[in-house]
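Here's a quick briefing to read with the structure open. We'll start with one residue and work outward from there.

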Amino acid sequence: MIGGGSVIAEKSLRDAVRRAYSAAAERPTVKHAFPVGRPFAESLGYPADLLDTIPPIAYEAFSGVSCVSLFSEIPFGSRLLDLGCGAGLDSIIAAKRVGPGGSVTGVDFSEEMLERSQKAAGQSAIDNVHFQRADAESLPFDDATFDVALVNGIFNLNPKREAIFRELARVVKPGGAVWAAELILSEPLSAEVLVDETQWFA
């Protein structure tokens, strides 16, 4: 009974997160439970002059936690996985960094976010990046497929974290690198916040 309840709770959380992020992709200018858009991206360290070179559709619904595609070490010509790619901002930046001899695969569980990322890639005229629908804890790739993986803020909102780490270890080549960013608590949450579903993203 406890195990069954846990599975139901995990599915409920996943569905709620998917709905929230899909809503941000569809209506980025309305208020959401988490920050969205270009001003937020700039506050995290994405330079304004860089964002000026990227289609707005890629950053209007941006909701990461850091500028992971900028601070990570990305070898020229590498094969890169952007796990939880959202609207494609990090994927497009990474595609420029790996160069024409490299490739970027963006993965997300929100079809609405993927629609944005695919349009962004088309508007950028970048042909070394592609996007696909998949769950982070069950990736449709062979072992040792990628040289580098980027993860910009997906662990807090997916209860299957151990499975995600196992999948990253499986699909990234031995000696490769995983660059991840996530929010952490500086102090315990109050009881009121812990039971308030609207605070999941706060």
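Let's start with Asp-90, which sits in helix 5. Keep in mind that this is a predicted model. Asp-90 is an acidic side chain that is buried without a salt bridge, so a good first thing to ask is which side chain it makes a polar contact with.

**Asp-90 and its surroundings**
- The polar contact goes to the side chain of Asn-152, at 2.9 Å.
- The nearest side chain of opposite charge is Arg-97, and that one is 8.7 Å away. A salt bridge would need the charged atoms within 4 Å.
- Leaving aside residues up to four places away in sequence, Asp-90 touches Tyr-46, Val-68, Ser-69, Asp-82 and Asn-152.

**Helix 5**
- Helix 5 covers residues 89-98, and eight of its 10 residues are buried, so the rest of the structure largely encloses it.
- Besides Asp-90, the buried set takes in Leu-89, Ser-91, Ile-92, Ile-93, Ala-94, Ala-95 and Val-98.
- Just past the end of helix 5, Gly-99 adopts a positive phi of about 80°.

**The chain as a whole**
- You'll find eight helices and five strands here, running α-α-α-α-β-α-β-α-β-β-α-β-α along the sequence.
- Of the 202 residues in the chain, 49% are buried.
- Among contacts with a separation of 6 or more, 73% join residues 24 or more positions apart.
- About 10300 Å² of the chain is exposed, with carbon and sulfur atoms supplying 56% of that area.

Technical notes
Residues numbered from 1 in each chain as written. Predicted model: local features only at pLDDT ≥ 70, side-chain atom pairs only at ≥ 80, totals over all residues. Heavy atoms only, no water. Buried < 20%, exposed > 50% of the residue type's maximum accessible area, 1.4 Å probe, protein only. Helix = DSSP H or I, 4+ residues; strand = E, 2+ residues; numbered from the N terminus. Contact = heavy atoms within 4.5 Å. Areas by Shrake-Rupley, 256 points an atom, 1.4 Å probe, with all protein chains shown as cover. Polar contact = N/O pair within 3.5 Å; in protein donor to acceptor, adjacent residues only side chain to side chain.
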